[in-house]
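Colleague: Please take a close look at the charged contacts in this model, and then set them in the context of the rest of the chain.

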Amino acid sequence: MDTERETDSYKKTHHSSLNVFAMMIWPEYFNITTIVVGVVTFCLLAALILRPKNSPPGPWGVPIFGCIPYFIFSRRTGRKIFEDWYHRYGPIYNTKVGAINVVVLNEIEGFKEAFGNPEFQGRLPVDFMLGRAGEGIVMSDGRAWQEQRKFVHQHFRDFGVGKSSFEDSIAAEAEALTDALLKLEGQSVCLEHLINNAVCNVISSVSFGRRFDYDDKSLQTVLEMLKETVESSALQLVLSVLFPITKYIPFGGSNQIRQKVQIYFKFLDKLVSEHKAKLDETNIRDVMDAYLIEMKKDNGNSDIFNDDNMVFTVGDLFGAGTETTTLTLLWIILFLLKNPEAEAKVRAELGRVVGRNRLPRYSDRSNLPYIEAVISESLRLGTVSSVGIPHVASSNSTLQGYFIPKGTLLLPNFHALFTYTGKWEEPEEFRPERFLDKVGNFVRREDFIPFSIGRRQCIGEQLARMEIFIFLTHTMHKFALSVPEGHDPSVEGVGFTHKPQSYNVLIRKCED
Ligand code: HEM
């Protein structure tokens with residue numbers, strides 16, 4: 001009797017602990033439930049890794065995680081993994097991140113076709129850390145994106161952003177920057193903080209009509225927060241897509257981002273209140289004023305122009321415009337420090353075209369082809385948007401002859417486009433001459449698109465180009481920069497934004 005009971009209990013526990021797979025292969029356990037469970041499990045796993053017919057080729061992922069393990073468990077960097085896949089699968093390849101289908105674009109033909117196609121202009125819904133209903137421009141799509149993008153374009157035009165009329169305000173900020181540098185003459189300093197602050201002042205003047213002193217603590221907190229959030233949000237974004245539950249965990253990574261973003265919102269909310277209190281409809285000072293006036297149209301009933309969207313839109317301009325431009329300037333200075341012959345050519349060109357009696361103007365650009373080439377070469381080799389912001393397919397479509405199902409993420413791989421696709425000779429070398437013709441004129445290349453192309457092309461390109469040119473030439477006009485003794489800065493970029501590793505510069509004033 002006891003033995004019978006023992007056998008029974010053994011069977012029960014044993015049975016319950018068997019996994020589905022064992023049940024399927026062990027004929028003793030075959031029954032209709034196990035077959036159904038097995039088939040459903042198999043179909044789910046297959047759906048998680050299989051790709052639709054006529055998809056681009058690409059690496060197989062594992063169920064649930066897709067290609068993530070390649071990045072976590074490989075000793076190679078993300079850039080190197082992408083490069084290996086490019087050589088193996090070609091200019092457009094397909095993989096999965098979790099259950100999401102991802103197509104990576106590497107060559108200009110794919111970029112052009114994808115980003116010119118209205119079906120590929122969506123964005124991934126990112127609500128994992130924000131807790132507010134706004135959408136802004138960078139991460140919105142559909143009507144909210146179209147209308148707000150159009151609105152910003154219109155007001156950038158009205159304020160003369162990127163045009164010669166706007167140059168004086170950038171030049172004034174360049175003067176504040178060079179004054180601050182003068183105080184550091186003879187010292188070995190890291191320029192990151194000063195450049196970051198100067199760049200931020202330009203976009204904040206346009207967006208909310210004020211600049212901040214270089215030692216303003218509230219701004220430092222926000223800039224630090226921005227830097228850290230951009231760095232850590234890529235991983236959190238992937239996690240929140242794979243495991244949506246992580247959005248609601250009150251501790252850990254996504255919670256930290258949420259807290260940091262709250263600091264940003266608090267900073268922006270304060271500016272909104274100040275603007276509301278001082279709004280004068282006959283004197284529109286900045287994008288925030290213009291937005292407040294837009295909100296009043298249709299008796300204040302617009303479903304797009306509201307408080308939350310204003311904070312997101314202005315926050316987008318500030319966020320997208322600060323880090324990218326700062327890092328580009330830091331790359332240019334680093335490349336010039338590491339290539340003294342290029343630095344000497346920049347200085348000689350400035351001396352020849354501008355001289356010592358005036359400061360460089362944006363209109364000098366066409367006569368400064370070598371400097372233009374240095375800027376382009378630094379945008380290429382620095383590639384601060386290593387992989388750009390993913391676009392999402394809003395319906396089933398085709399690309400380069402392949403089927404692209406709705407919901408696919410299109411990932412523009414700018415690093416590939418600017419280095420290893422065989423179009424750039426010795427791509428790892430800093431060589432401004434590749435942007436010059438035989439007689440030294442600057443040449444534009446149609447496959448060089450650091451600000452992307454198509455309908456979502458960077459809204460701040462003109463502004464960024466003007467800032468980079470003015471900040472660089474004014475600094476070079478007034479100072480000689482060199483590597484301090486005992487230092488050997490690295491040109492290996494780090495992190496998601498591919499920023500240069502922190503380096504110091506020795507500053508000496510140029511004699512007049
Ligand atoms: C060197 C500096 C910069 C670089 C390399 C850069 C690059 C880019 C890239 C690659 C994109 C993605 C476009 C796409 O999704 O296809 C983008 C989008 C964007 N950028 Fe920039 N950017 C820079 C500076 C700026 C500045 C100064 C602003 C501020 C006005 C700005 C505002 C934006 C906005 C709002 C978007 C989103 C556009 C949209 O989704 O419709 N960027 N940028």
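Modeller: The side chains of K276 and D307 form a salt bridge at 2.9 Å, N to O, the term meaning a side-chain nitrogen of Lys or Arg within 4 Å of a carboxyl oxygen of Asp or Glu. K276 belongs to helix α11 (residues 253-278) and D307 to helix α13 (residues 307-338), so the pair ties together parts that are 31 residues apart in sequence. Helices here are DSSP runs of H or I with at least four residues, strands are runs of E with at least two, and both are numbered from the N terminus. The structure is a predicted model, in which local features need pLDDT of at least 70 and side-chain atom pairs count only at pLDDT 80 or more, while totals for chains, interfaces and linings use all residues. Residues are numbered from 1 along each chain as its sequence is written, and side-chain values use heavy atoms, with hydrogens and water left out.

Both partners are partly exposed: K276 has a relative accessible area of 42%, and D307 one of 36%. On this scale buried means under 20% relative accessible area, exposed means over 50%, and partly exposed lies in between (1.4 Å probe, protein chains only).

A further salt bridge involves α11's following loop. The side chains of K296 and E281 meet at 3.0 Å, N to O. K296 is in helix α12 (residues 287-296) and E281 in the loop between α11 and α12, so this pair joins parts 15 residues apart in sequence. E281 is partly exposed, at 46% relative accessible area.

The structure holds 26 salt bridges. One of them is formed by the side chains of E167 and R361, at 3.5 Å, N to O. This pair links distant parts of the chain, with E167 in helix α8 (residues 164-182) and R361 in the loop between α14 (340-353) and α15 (369-382), 194 residues apart. The two partners differ in burial class: E167 is buried, with a relative accessible area of 2%, whereas R361 is partly exposed at 34%. Elsewhere, R76, K80 and D84 are joined in a network of salt bridges.

Which backbone oxygen does the side chain of R434 reach at 2.7 Å? It is that of E425, and the backbone oxygen of E429 lies 3.0 Å from a polar atom of the R434 side chain. R434 sits in the loop between α16 (414-418) and α17 (461-478), yet counts as buried at 14% relative accessibility. Setting aside neighbours within four places in sequence, R434 is in contact (heavy atoms within 4.5 Å) with E377, R380, W424, E425, E426, P427, E429 and V443.

Another polar side chain in a loop is that of Q400, located between β5 (397-399) and β6 (402-404). Q400 is partly exposed, with a relative accessible area of 34%. The side chain of Q400 makes a polar contact with the side chain of E113 at 2.7 Å. Such a contact is a pair of N or O atoms within 3.5 Å; within protein, one must be able to donate a hydrogen and the other to accept it, and residues adjacent in sequence count only if both atoms are side-chain atoms. The C-alpha atoms of Q400 and E113 are 7.5 Å apart, although 287 residues separate the two along the chain. Beyond four places in sequence, Q400 touches I92, E109, G110 and E113.

G110 leads to helix α6 (residues 108-115), where I108, G110, F111, A114 and F115 are buried. Seen down the axis of α6, these buried residues fall within an arc of 160°, so they line one face of the helix; the arc is taken from the directions from the helix axis to the C-beta atoms. Their cover includes β2 (100-105), β4 (391-392), β5, β7 (409-412) and α16.

For the chain as a whole, there are 17 helices and 11 strands. Of its 512 residues, 50% count as buried. Among contacts between residues at least 6 apart in sequence, 71% join residues at least 24 apart. The chain exposes about 25100 Å², with carbon and sulfur atoms supplying 57% of it; accessible areas come from the Shrake-Rupley method with a 1.4 Å probe, and for residues only the protein chains shown count as cover.
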